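Morning, everyone. Please pull up the structure, and I'll walk you through it.

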Amino acid sequence: MSTNKRTLETITIDDSDEEAEPVAKKPPTSNYSAWAEIFNKKKAEKSKDAAVEKAKKDADNEARRQKLKDAFNERKRREQIVNGTVPAKKTPENPKKVPEKSKKLPEKEVSRKSKKSEDSPGPSSSHVDSQDSQDPSEFVANELAVGTGERLIRPQDIIDRRDKVFLEVFRHKKYRSRLQMQAINCILKRKCDVYVSLPTGAGKSLCYQLPAVVHGGVTIVVSPLIALMKDQVAALRKKGIPCETLNSTLTPVERQRILGELAKMNPTIRLLYITAEGCATDSMKALLGSLTRREVLRYIVVDEAHCVTQWGHDFRPDYLNLGALRDVCPDVPWVALTATANEKAQNDISSQLRLRNPEAFKAGTYRDNLYYDVQMRDHLPTAPENHMASFITKCLTIDQAKTTSNLTKNETKNEKSARTQAKKSFTGSAIVYCRSRSECEQIANVLRIAGIPAMAYHAGLPKKERNEVQEKWMSNEIPVVAATVAFGMGIDKPDVRAVVHWSPTQNLAGYYQEAGRAGRDGKRSYCRIYYAKADKNALNFLVSGELAKLKTKAEKKNAEGEKAAMQIKSIQVGLAKMLEYCESAKCRHVAIAEFFDDTDCRPCGSNCDFCRDPKATLQSAQAFANSQDSLGSVFRRPGTSRAESGFETVYGGGRRGGETEDELLSSNTSSKDAMERMEHEEAKRVRGLIDSEFAKRRRAAPAAPAVPRGSRRVEPATDVSVIKPEQAVIKNVTLESRENWVRYLLRALETNWIVSGPPAGTTMKQCAEQLEYGMYSISKNETTYKNKLGHKLAEIKTLTKKNQPFPYTNTAVEQNGFVKAANLA
Ligand SMILES: Nc1ncnc2c1ncn2[C@@H]1O[C@H](COP(=O)(O)OP(=O)(O)OP(=O)(O)O)[C@@H](O)[C@H]1O
C-alpha cells in the first residue's frame, strides 16, 4: 500500500495535451522507466493512429467537397445547356451560328446535313429513326429566344440541341424504344397534336420534357395529382431544368413569385405543372392568353390523359374543362400521354381535348421483364402471410456478405429463432398494396416477424412519419413497404423487384398501373395478386355505392345521364375484367392486353404463371371455382343465388369522385382532417349501403316461413367446420355465425403463428375450431359468446403486434380455471 502511494506521488502527469495519455517524467526507478517506456510508446502509436485517422477524415472531406463541387458544376453546366448559354461546339456537324439573314439553308446543304445526322453517333446511332425524323427541314425553327443567350435560328440547331439535351441534361445513352424516339421527334416538329400511349415505365415523360427544354419558352403540363407534380418538378430541378408547379398548396408569396416570373418577356420557367382544376380558372386562362400573345407558350401537355374519359379507370371531371383551353391558345400543339387507354378511351380523349388530327404513337402493354401471377389465398399450402413472406424473400435476393447475425451459439440451434434474428441485407425493394390501414400495419408486422424489414405507409400516419418511411424505402434502408394505393404514385424507383397486391384493385387498368411500378430498370420483377372469395365480395360491396349514385344520374335523359351511363359501364367492365383476370387460367399478359384492345399480344411463353405451368394454374382456378359457393358468403343470405343477391350487377371500380387518398393528403387541410373525413365518409357509405341492400332484399324476398334464428340450419361450410354443430344450445347463434368466428380466429392465428407454427400435433384449423367451441360451450347467451370470442381475437392480435406467439391452450378444457370432467382423457 505504501509503495503504491510513493510511486503515485513521484509521477508527474503531463496534462498539457488533453487528448494525450499521461507521460512519466524523470523515472525514479527502473520499474518505473519500463512502465513509462510502454506509456510513451503507446502515446506515439496513438498519435500515429490519430494522424492516419485525421488524414483519412481530411481525404473523405475533400472527396465529399469535390463531389459536391462536381455536382454543382454539373448542374450549372446542365442549366447552361437548358438556357442555351453554352456556346455550341465549332464542329463541321455543328457550325458556328449563322446570321439571321442566312437562316434558310440551300436545299443541298439541308439534305447533306440530314444524311450526316443520320450517320452521326448522336443518341444511339442504332436507334436513329428513319430519315423523316432526322430531316432538319421537318423541324419548325423557333425564332424566339430559348433562354437568355441563344436563339434557335435554324432547324438543324434543333436537332443538335435535341442530342445535346438528351445526352447531357437527361443523361440517357439511347432511346428506350423506337417509338419513344419517334414521338419525341414528332413533338419537336410542333406541326401537329400528338397522342402517346406507351406501357408503364416506357419513358413517356421524356417525350414532352425533352422538346420542352429544346424549344425553350414555357410548356404547360396538366397532371392529376399534386404529389405527382411535386416529384416531377423535383426530378427536373435536379437536372438543372427550371420548372414550377402552381397548385393549392402554395403560399401566396410562392404563387406571386412564380406568376411574376411568368409575366416576364422571356420567362426562365421551362415546364409549369398545373392541376386540371387550376386550368379552369379565369386567372389561368388569362395567364395562358398572355403567354400565347408573347409567343412563349410552346406546348400544352396532358399527362395521364385517361383521366379525361369516362371510359378510363380514373375519370376526373375537371379534366373535361381542358378542351376549352384550345380557344385561349388555338395554335399551340397539344400532347396527350397515357399508359392505360383502349380504343374507346383514345377516341374520347381526342374529342374531349379537341386534338387536331393527332399523330398517335402507341405500343402494347406487354413488358417482358414483368412476371405476373395470381395465388388463391384460400388454397395455399401454408398460411397466406407466410407464403407472401417467402415469396418476397425470394424476389429480393439476400446479400449474404452483408447479412449479419446477432445469434449466440445456443440460438443457432433453433432454426426458427435464427430466422427471426438474423439481420438480412436485401437487394432491391418491394411494395405490398393493402386495402386498409390496419391491413398495412398487420402485413408490415407479419413481414418483420418473418425477418423482412418492413414498414406500413397509409393516411393514418403523421406526415413526418410517412416521409420517413418513403425515404427509408427509397434509400433501400427498408426493403418493403406495406401501403395503401397512395404510395408509389410519381415514385420512379428503378429496382422495385416485387409488387404484391394483398387483394386485387377495383379495376384491371388500375392494377396494370400499380403493378407497372415494378422493374422500371428493365430487370426481371414480379407482380403478384393474392385473391380470395372474400375479396370479391368486398370489391363488389365497395363499389356498389358509387354505382347506385351513378344509376340515379343515368336515369336522366340528358348529356349528364349519358355520361353517367358510360361511367357505370366502364366501372362494371373494369371490375369484371379484374375478377376475370384473377379467376381465369390464361396468359396474364394477354388478359391485360385484351383489356386495352391490344389484339396483337401473343401468350408470353414464360412470363406468367399460366404460361409457365398451365396445368397448375388451371387446377388452382378450378379449386377457386369449386369453392365459390361455400366460402365466406358474409353478405349473401343462404338460399339466394348470386344474381338474386344483386352483386352480380354491381361490379365497379375507380376512385371515388376523383378524390384519392393522395390528393386528400396533399390538400391544404391537415392530413388528420383529411384522413378522418375519408374514414368517416367511407364508414357512412358502407353503413348506408348495408342498410339499403338489406332493406332491398327484405322487400324483394318472398316471405320466408318463420324459423327461430338460433335454430336456422344451413349447409355446413367446407373450408372450416365447427365442433358439435348440432348442439345449437345458444339462442340466436347460428351455425353460419359460428363458422365465421372460426374463420376470424383462423386468420388471426395464421398471422400470429407465421414463424412458430401451431402447437405440436395440431393444425391451425383445429386450434381455431377448438377455441371457438371452448367459448361456445361456456357461454350462456349470444352476448357472452360474442364478447368472449371478441376478447380472444383481440388477445391474439395484440400478441401479434408485440411479436409474441399466442400461447394456445385448448379452451374446450378450460372453464373458470377448471378442466371439464367431460374432457378429461
Ligand atoms: N431513353 C431512356 N434511357 C434510359 N432511361 C430512360 C429513357 N427514357 C426514360 N427513361 C427512364 O425511365 C424511367 C421511367 O420513365 P417515365 O417515368 O417517363 O415512365 P412513364 O412512361 O411515364 O411510366 P408510367 O406510365 O408508369 O408513369 C425514368 O426513370 C426515366 O428516367
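How many of the 825 residues of the chain, as a percentage, count as buried? The figure is 49%. Keep in mind that this is a predicted model. Every value I quote is computed from it.

Now the overall inventory. The chain has 30 helices and 15 strands. Next, contacts with a separation of 6 or more. Of those, 73% join residues 24 or more positions apart.

Let's go to the sheet. Seven strands make it up, and the sheet is open. Read across, the order is β3-β4-β2-β5-β6-β1-β7. The pairing is parallel. Which strands stand at the edges? They are β3, residues 243-246, and β7, residues 359-362. Each has a single partner strand, so one side of each has no neighbour in the sheet. On average, neighbouring strands are turned by 20° against each other, with direction ignored.

As a reminder, strands in a sheet pair through backbone hydrogen bonds, either parallel or antiparallel. Take one pair here. Strand β5 covers residues 297-302, and strand β6 covers 334-338. They pair in the parallel sense over three bridges. In that pair, V301 of β5 stands opposite V335 in β6.

Two helices lie across this sheet. Helix α6, residues 178-189, lies across β1, β5, β6 and β7. It runs at about 160° to β7. Helix α9, residues 252-262, lies across β2, β3 and β4. Its angle to β3 is about 125°.

Staying with α6, look at the loop before it. R171 lies there, between α5 and α6. What is the sign of its phi? Positive, at about 60°, although R171 is not a glycine. Most residues other than glycine have a negative phi. R171 is partly exposed, with a relative accessible area of 44%.

There is a second case further along. N476 has a positive phi of about 65°, and it is not a glycine either. It lies in the loop between α18 and β13. N476 is also partly exposed, at 32% relative accessible area.

Next, helix α7, residues 204-215. Is it enclosed or open? Eleven of its twelve residues are buried, so α7 is largely enclosed by the rest of the structure. Among the buried ones are K204, C207, Y208, Q209 and H215. Just after α7 comes G216, with a positive phi of about 65°.

On to cysteines. How many disulfides does a search of the whole structure find? Zero. C192 is the one to look at. The nearest cysteine sulfur belongs to C186, and it is 4.1 Å away. A disulfide needs the sulfurs within 2.5 Å, so that pair does not qualify. C192 counts as partly exposed, with 22% relative accessibility. C307, by contrast, is buried, at 0%.

Now helix packing. We describe two packed helices by the angle between their axes and the distance between the axes. The pair to start with is α19, residues 508-515, and α22, residues 588-595. Their axes are 10 Å apart, at an angle of about 120°. That makes α19 oblique to α22. The crossing is left-handed. Which residues meet there? From α19, they are L508, A509 and Y512. From α22, they are A591, I592 and F595.

The second pair is α29, residues 764-778, and α30, residues 782-801. Their axes come within 9 Å and cross at roughly 150°. This crossing is right-handed. On the α29 side, the contacting residues are L771, E772, M775, Y776 and I778. They meet Y785, K788, L789, K792 and I796 in α30.

Last stop, an arginine. R528 sits in strand β15, residues 525-531. Is it buried or exposed? R528 counts as buried, at 7% relative accessibility. What is it in contact with, leaving aside neighbours within four places in sequence? The list is D373, Q375, H387, F391, V499, V500, H501 and Y511. Note that Y511 falls within the span of α19, residues 508-515.

That's the tour. Over to you for questions.

Notes
Residues numbered from 1 in each chain as written. Predicted model: local features only at pLDDT ≥ 70, side-chain atom pairs only at ≥ 80, totals over all residues. Heavy atoms only, no water. Pairing = 2+ DSSP bridges. Helix = DSSP H or I, 4+ residues; strand = E, 2+ residues; numbered from the N terminus. Axes fitted to C-alpha atoms, helices over the stretch in contact; angles between N-to-C directions. Contact = heavy atoms within 4.5 Å. Buried < 20%, exposed > 50% of the residue type's maximum accessible area, 1.4 Å probe, protein only. Parallel < 35°, antiparallel > 145°, perpendicular 65-115°, else oblique. Left-handed = near helix turned anticlockwise from the far one by under 90°.
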